Amino acid sequence: MLDRAGYGHVATRTRELLDALPLEEVRKNSYRYMVRTTSGTTRSEPLLVVQQFQQRSYERANDMRRVIVAAGAWHARLANVVFSVHSRLPVQALTVDIADLAPPAINAINSFGADSVMGFTSFVARVLCALSDEACSRIRRMYLVGEKVSVAHLAVFKRRVPRAILDGSYMSAEFGMIGVRCSDLSLSVYHPAEGVAIECLNPDETGRGSALVSRMIGPIAVKDYFVGDEIRFLPTTCGCGETVTFEVSGRLGFDRLKVAGGEVTLDNLDRVAHAAGLSLDDYRMEVANEADPRIGVRGVLHLQVRSGVSPMSQDEIADFFERRLMVTSRTLRALVESGDFKPLIVSFAEKIYNDERKSLRLVQKDV
Amino acid sequence: MTREELQSAVGESTCGFYRSLWENSISAGIVRRADFFQTPIQERRYKNVSSLALIAGSAEEPFVIEWALEDLREESVGDVPFGRKPLVCFRSPHNAVLWSVWCYEHGMVPLIGERNPAVTLATARLLLVDGIITDSASLHDIVPLVEELRLSYVVVVDQSFDVALLNSLRTKVYPVLWLPETGIIGTGELRGNDLTFAADPAVLLEHGDLVVTKLRLLVTPIIRFQTHPKTQIIGGGRFSVRASTVRHL
């Protein structure tokens, strides 16, 4: 089984895939390939992989004519632009940056007259909150990737674009497309993408277990890649005729959680907690998305610390963690100052673990 | 396409952006960034094709511009020995995406640099990029990479150039004078401390302040567009850029 730690090997091999392609193939079919990266964490190097795309990836913008591309990572912006502009009919794809979401740049984006928004769920929510009411009223369709649509996200979408159709696919930067939706499926429910085999490892009594995916990337077999998400298979044949359907439950209980467009990792949490003199049994963090009328979705982190184990006050612990805890590549303090996250909530408790989640130090609260 | 053919095509278009400017002109038909700022992109589109749109202009007067894929394909940086996997590294995310799409249109699979230079350097090493397309500011960040990897080229795309830095690189450097609105204006040649550009074959130049006409029907055509790099026309389509004065438009 491959996990992210072991993925460097795959990345090396996929670089070789690109190197091994005849130059003529690259020249002729460059758009079939894409170099993707992830920022890594404080403990790991950035990852890199070359993806080979299937036609299905290019069909996401078929109903869009003027699309705003909203993604944080630049390679994700590029990917969404590439997918958009290869639609059957002409498409204008406008990339936006967080820095563009305030006057006067937002006025230019308003005047673009977008009919759709595509990108990372939290970023899309933020764009919708920045756009004028008139600009939002033209949005008919949204294509969401990269993050489970939470209750907080849905609240923003319902308020800003109540008539828009929500669509999306299930993919990871490292592996590529994993699941696709048909019109019969609700959000977070997918069929396996073309060429992808998916397994549910160690399902519990509700059928939920870890997603393992396999596919060929060019001539290279990626087998049993550990996505880090929890899934369950739905036992019915879909109205479209597809026999395999699965629901993504989120990243409950794993070592990294996405919240408000950022990623909190257990490695990072443990590192900061260790520096604060806390033992592994002494703390637990809940992460949640909270709807915010100004920026869309704001991240909320709640750190529970066992009573009596730290000489620091709650405010001192909050300050200590905010200055050191990384959310993707920025400190929590920087994200609090920019308004993307609320100040860290710290509470002392006699009992911080319930029985079912005894070993979980990092938990998504709003899935 | 000649200038007359371009003006004729624009004059006959259903889009009235240039007609309106020419009829109300108080500046001898010169088009400025302010004209783009004051006109929404949908009112200055002269063709409906798939395109990449991005925010350009100044922080005070930003506007949307559009580049059709077919037009990016026509944009040439000259005789550069391109391979298959360049690093595209720009300070502006918009320019980074635009030049990455340019790479695709020219048969390459780019690695787009991220905002964090450390991530860019690390992933470029993992991919073993074979060349770099960058701007002057980003070039300072990635000098170690240029020294470390066996690169075939470094294309520097900008409005100003650090000649001393370009001269210090051991990889062949290709300077390109470029604005997001106009595309490539000219390709440069570095001889000692002299950086001289040859105007792009599809570009007409006027005046020392570089008024540009692009002889292609772009989504928003460029006809007598006022740019601000301080230049000296040498003649025969060649011009030089005074590097220290052209950083900010």
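Trainee: How much area is buried between chain B and chain A?
Mentor: This is a predicted model, so start with the broad picture. On the chain B side, 50 residues are in contact with 47 residues of chain A. Carbon and sulfur atoms give 63% of the area buried between the two chains, and that area is about 4,000 Å².

Trainee: What does chain A average in pLDDT?
Mentor: Over residues 1–10 of chain A the pLDDT is below 50, although this stretch has 22 contacts in the model beyond near neighbours in sequence. Where pLDDT is low, the predicted coordinates should not be read in detail. Across chain A, 86% of the residues score at least 70, and the average pLDDT is 83.

Trainee: Which side chain of chain A meets B:Arg115 in a salt bridge?
Mentor: Between chain B and chain A the count is two salt bridges. One of them has an N to O distance of 2.8 Å. It joins B:Arg115 to A:Asp97.

Trainee: How many residue pairs are in polar contact across the interface of chain B and chain A?
Mentor: Count the pairs with both residues at pLDDT 80 or more. Across the interface of chain B and chain A, the rule then finds 26.

Trainee: Which element of chain B gives the largest share of the side that touches chain A?
Mentor: Several elements of chain B each supply at least two residues of that side. They are strand 1 (51–57), strand 2 (62–68), helix 5 (93–105), strand 4 (111–112) and helix 6 (117–127). The largest share is eight residues, and it comes from helix 5 of chain B.

Trainee: By class, how many nonpolar residues does the side of chain B that touches chain A have?
Mentor: Sort that side by class. Nine residues are charged and twelve are polar. The nonpolar residues number 29.

Trainee: How many residues of helix 4 of chain A are buried?
Mentor: The buried residues of this helix are A:Ala105, A:Ile106, A:Ala108, A:Ile109, A:Asn110 and A:Phe112. Their cover includes strand 3 (66–70), strand 4 (92–95), helix 5 (121–130) and helix 6 (133–137) of chain A. Strand 1 and strand 2 of chain B also take part in the cover. Helix 4 of chain A is mostly covered, and the buried count among its eight residues is six.

Trainee: Which backbone nitrogen does the side chain of A:Asn110 reach?
Mentor: A:Asn110 lies in helix 4 (residues 105–112) of chain A. Beyond its neighbours within four places in sequence, A:Asn110 is in contact with A:Leu131, A:Ser132, A:Ala135 and A:Arg138. At 3.0 Å, its side chain reaches the backbone nitrogen of A:Ser132.

Trainee: Why does A:Asn110 count as buried?
Mentor: The cut-off for buried is under 20% relative accessible area. A:Asn110 is buried because its relative accessible area is 14%.

Trainee: Which peptide bond is cis?
Mentor: Look at the loop between strand 4 and helix 4 of chain A, where A:Pro104 has its place. Omega is near 0 degrees for a peptide bond there, the one from A:Pro103 to A:Pro104.

Trainee: What phi does A:Gly113 take?
Mentor: A:Gly113 comes just after helix 4 of chain A. Its phi is positive, at about 70 degrees.

Trainee: Is A:Asp224 buried or exposed?
Mentor: A:Asp224 is found in strand 13 (residues 220–233) of chain A. Its phi is near 55 degrees, a positive value in a residue other than glycine. The relative accessibility of A:Asp224 is 19%, so this residue counts as buried.

Trainee: Where is A:Ala260 in chain A?
Mentor: A:Ala260 is not a glycine, yet it has a positive phi of about 50 degrees. At 16% relative accessibility, A:Ala260 counts as buried. Its place is in the loop between strand 15 (256–259) and strand 16 (262–265).

Trainee: What distance separates the C-alpha atoms of B:Gln159 and B:Ile185?
Mentor: B:Gln159 is found in the loop between strand 6 (154–158) and helix 8 (163–168) of chain B. B:Gln159 counts as buried, at 12% relative accessibility. B:Ile185 is 26 residues away along the chain, and the C-alpha separation is 9.7 Å.

Trainee: What percentage of the residues in chain B are buried?
Mentor: Chain B has eight helices and 14 strands. Of its 249 residues, the buried ones make up 61%.

Terms used. Residues are numbered from 1 along each chain as its sequence is written. Chains are lettered from A and ligands numbered from 1 in the order in which they are written. Side-chain values use heavy atoms; hydrogens and water are left out. pLDDT is the predictor's confidence in each residue, from 0 to 100. Contact means heavy atoms within 4.5 Å. Helices (H or I, at least four residues) and strands (E, at least two) are DSSP runs, numbered from the N terminus. Buried means under 20% relative accessible area, exposed over 50%, partly exposed in between (1.4 Å probe, protein chains only). A polar contact is a pair of N or O atoms within 3.5 Å; within protein, one must be able to donate a hydrogen and the other to accept it, and residues adjacent in sequence count only if both atoms are side-chain atoms. Buried area is the accessible area (1.4 Å probe) that two parts lose on being put together, summed over both. A salt bridge is a side-chain nitrogen of Lys or Arg within 4 Å of a carboxyl oxygen of Asp or Glu. Ala, Val, Leu, Ile, Met, Phe, Trp, Tyr, Cys and Pro count as nonpolar, Asp, Glu, Lys and Arg as charged, and the others, Gly among them, as polar.
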